[in-house]
Amino acid sequence: MLDFPRWKVISIWAIVLIGILFSIPSLLPSSARQHWPSFLPHSTISLGLDLAGGSHLLYEADIQDLNKQRLQTMEDTVTSEMGRGDTRIAISDISTSGGRVSFIVTDPTQVDSAVERMRSVTQGVGLTGTRDWDVGVVDLNRVVLTPTKSGIDQSLKDAMSAARDVVRRRIDPGGTKETTVITEGSDRILVQVPGVENPEELKRLIGQTARLEFKLVDLSSDPAQVQAGHAPAGSQILPMADGNGTIALKRRVIVSGDQLENARQGFDQDGRPVVEIKFNADGARRFGRVTQENVNKPFAIILDDKVLSAPNINEPILGGNAQISGGFTVETANELAISLASGKLPVKLNVIEERTVGPDLGADSIHKGVIASLIGTAGVIIFMLVTYGRFGVYANIALIVNGFLILGIMAVFNATLTLPGIAGFVLTIGAAVDANVLINERIREEHRRGRKIIDAIDTGYHEAMRAIYDANVTHVISAALMAYFGSGPVRGFAVVLLIGVVTSVFTAVFFTRMLVALWLRNKRPKTLPI
Amino acid sequence: MRLLKLVPDHTNVDFMRWRNLAVVISTLMTIASLAFTAYRGLNMGVDFVGGQMIRVSFVQPIDVEQLRGRVDGLKLGESSIQEFGGPKTYQIRLPKAEGGDAAANVAATRVKTMVTSTYPGARIDSVESVSGKVSEELAENGAMAIIFAMIGIAVYIWFRFEWQFGVGALVTLAHDISMTLGFFAFTRLQVDLNVVAAFLTVVGYSLNDTVVIYDRIRENLRKYRKMAILPLLNLSLNETLARTVVTSLTVLIALAVLMAIGPEVIFGLSLAIFLGVVVGTYSSIYVSTPVLVWLGVTPDSFVKTEAPDPTVAPAR
């Protein structure tokens with residue numbers, strides 16, 4: 001017991017000091033943190049949204065919407081592929097119903113070449129070369145394209161990573177805020193934004209698909225038919241954004257949001273808020289050509305399948321600049337401008353979980369949590385002191401060091417402290433002294449049995465070790481499962497418990513043992529004060 | 001300085017004398033808890049059944065009935081309003097909105113708008129909105145974590161000790177979890193994600209006591225090979241009694257402070273752990289230890305002898 005080598009003493013103190021050093025930046029108020037020397041560690045514990053205030057939003061991709069989009073794109077591809085080249089292939093009755101694209105080749109002798117053309121454009125890319133679509137023929141002359149599982153999976157994967165980037169650009173264009181945007185599983189995106197003042201605005205900003213399209217109005221359509229919902233061939237019927245009826249439009253897209261260079265909020269000549277857009281070179285050329293050919297005819301500006309407005313083309317629009325009006329407020333115009341500038345979401349996203357905590361409640365929780373931790377610790381310290389005297393003092397020093405070590409380790413890993421994490425901290429304080437209780441009770445017992453002071457202490461530490469080890473493993477098992485299955489705040493709780501188990505074994509066993517050994521060596525006590 | 005000794009030096013309590021009575025009580029309580037939980041159900045929070053919960057702080061105490069009338073006036077389905085931590089703070093709970101996630105969003109927004117416009121200065125503290133799909137996943141994950149933790153710990157005890165001890169640990173855990181469940185069913189306290197964390201902590205903590213006692217039983221079984229099992233269990237329990245009391249008290253002190261002055265949001269978590277510690281302390285003495293008697297633990301359970309010792313009484 002007395003034999004406590006110098007290198008051990010030095011390394012134990014070194015660990016303690018390093019731990020305290022790492023915990024300090026997290027304890028300093030942010031104003032004082034600037035004066036903290038830069039050569040010292042300065043990573044801090046981050047606060048969870050339930051303490052810092054903020055929004056946690058879990059989005060799920062609308063896979064049906066994505067599949068529908070793919071079918072429509074394939075329909076367009078079919079039309080353009082069949083009409084290409086020297087020998088055009090005449091087709092009819094193209095449809096996207098039943099989750100597949102099918103069409104009839106009018107001349108039965110051309111069926112094989114139609115299939116050949118479609119196969120060449122549906123060949124999957126990549127090493128495996130798996131197809132995105134299966135191409136087949138039924139009833140002699142009907143070609144059917146069915147999406148394959150791997151094609152669907154790949155398109156979802158692409159859409160999700162693109163959507164993640166779009167969301168990130170929308171909520172944090174400068175890339176400076178401490179926001180989290182990550183994909184979870186195959187079809188989810190988790191967004192965490194600290195310190196949100198207005199979560200509704202945030203949700204509108206993220207949730208808007210922002211698919212902008214310009215199409216010509218179909219003037220040939222019969223208004224009665226349009227009202228009944230029957231669109232002429234090559235046209236479609238879309239609702240007006242203000243809810244005032246429907247309108248028939250040519251299906252072909254003149255230009256879309258993909259061809260935008262920039263978008264920002266501005267005002268029209270009457271001072272009403274609008275979104276000013278600027279097309280890129282390709283978009284400007286196409287827009288210019290179509291407006292040139294269709295002067296005095298109306299075109300429609302469509303956002304997410306709703307028609308914002310259908311103004312008349314008074315003169316060709318050649319510069320590539322345009323204004324979108326549609327009863328905006330400055331706020332909504334600004335949101336739309338950001339959404340357009342960041343690109344459209346490749347797939348519709350729905351909120352499936354929202355947790356928002358106001359900054360005041362978070363601050364209140366921290367305040368109460370800190371006070372409770374301090375008073376709880378004080379209570380435990382007094383109790384240990386009156387129960388074990390000198391050995392209680394050692395346990396208490398270990399307890400305080402343990403608190404610093406937990407914070408220090410959390411800071412090193414930049415772990416997140418959540419509200420349940422504070423409970424975990426308090427609980428760890430209560431449970432950490434258990435090791436010392438076990439040891440001290442064992443020392444009392446061995447001493448009662450007649451062992452000499454040093455022998456009793458030695459045996460006490462030795463015999464208590466087994467139970468300490470087993471008891472802590474049970475904690476580790478439950479905390480590890482909590483960390484694995486738990487989400488957000490609960491995981492924060494588990495992390496604190498896990499770290500606390502490890503550090504408490506160090507402080508309660510090795511650290512106090514050293515303190516006791518040094519005392520025995522220096523004082524050579526004649527009685528055992530326990 | 002005279003040190004505090006809550007438990008005198010030489011206790012000789014005949015714990016095992018009441019073991020049959022204790023088992024009857026424990027069994028009845030467990031059955032009652034489970035039956036009560038099944039009959040009355042748990043007050044599941046939005047985390048596990050979906051829906052929305054909005055917490056609001058008002059500037060001054062308000063008329064709850066009036067607020068209830070106003071929320072009902074929005075026609076968002078069956079809402080419930082509860083005081084939360086004080087007379088100025090309330091939580092408004094809305095059911096899962098019909099018509100999917102967009103509808104859920106609209107519902108929460110309408111409540112928020114109503115509150116901030118009719119009660120000047122009112123502060124929206126938090127909004128939780130969980131869809132049916134996510135709540136199912138959370139409930140499933142929570143249940144899985146608890147079950148895996150119970151099995152994992154029992155298996156660990158089995159490896160470290162003997163199979164009888166593993167079974168004893170599992171029975172103890174089942175007992176403790178049932179009691180805690182029954183308590184939540186009885187008090188109608190809301191069961192949310194935090195409470196699941198508390199259950200897992202109870203699983204870990206409850207075994208803490210049991211492990212310490214099991215460790216002592218194993219030690220004594222090796223030391224006093226001729227001692228009958230009941231006196232040996234009593235001896236082990238008495239030897240560890242001081243530690244059991246002191247440790248439980250330190251944890252309870254810390255938790256009591258947290259419940260009394262800590263943040264309201266984690267009151268349920270603290271209470272569940274507090275209760276689990278009390279139940280766990282009882283069960284480590286009266287559930288996990290008697291089980292060993294029935295499973296026939298003897299000194300032979302640990303000392304692997306090539307030739308069986310005929311002088312040792314066979315397990316009964």
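**Exercises on a predicted two-chain model**

In this predicted model, strand β17 of chain A and strand β5 (residues 123-130) of chain B pair in the antiparallel sense, with five bridges between them.

**Exercise 1.** State which residue of β5(B) is the bridge partner of A:Thr356.

*Solution.* Begin with the strand in chain A: β17 covers residues 349-357. Next, look across to β5(B), where B:Val127 is the bridge partner of A:Thr356.

**Exercise 2.** Describe the side of chain A that touches chain B, by residue count, by element and by class.

*Solution.* First, count the residues: 61 of chain A are in contact with 62 of chain B. Second, list the elements of chain A that give two or more residues to this side: α7 (199-207), β17 (349-357), α11 (359-412), α12 (419-448), α13 (453-485) and α14 (488-523). Of these, α11(A) gives the most, namely 16 residues. Third, sort by class: the side holds 33 nonpolar, 15 polar and 13 charged residues.

**Exercise 3.** Compare the radius of gyration of chain A with that of a compact globule of 530 residues, and give the spans of the chain.

*Solution.* For a compact globule of 530 residues, a value near 24 Å would be expected, but chain A has 35 Å. The C-alpha trace of chain A spans about 110 × 60 × 40 Å along its principal axes. To complete the description, chain A contains 14 helices and 18 strands, and 43% of its 530 residues are buried.

**Exercise 4.** Determine how chain B is divided, and how far apart the centres of its domains lie.

*Solution.* Domain 1 of chain B comprises 15-44 + 135-301, and domain 2 comprises 51-130. Their C-alpha centres lie 38 Å apart.

Note on methods:
Residues numbered from 1 in each chain as written. Chains lettered and ligands numbered in written order. Predicted model: local features only at pLDDT ≥ 70, side-chain atom pairs only at ≥ 80, totals over all residues. Helix = DSSP H or I, 4+ residues; strand = E, 2+ residues; numbered from the N terminus. Rg over C-alpha atoms; globule rule 2.2 N^0.38 Å. Buried ≥ 20, exposed ≤ 12 C-beta atoms within 10 Å, placed from the backbone. Domains from an automatic or database assignment. Contact = placed C-beta atoms within 7 Å. Nonpolar A, V, L, I, M, F, W, Y, C, P; charged D, E, K, R; others polar. Pairing = 2+ DSSP bridges.
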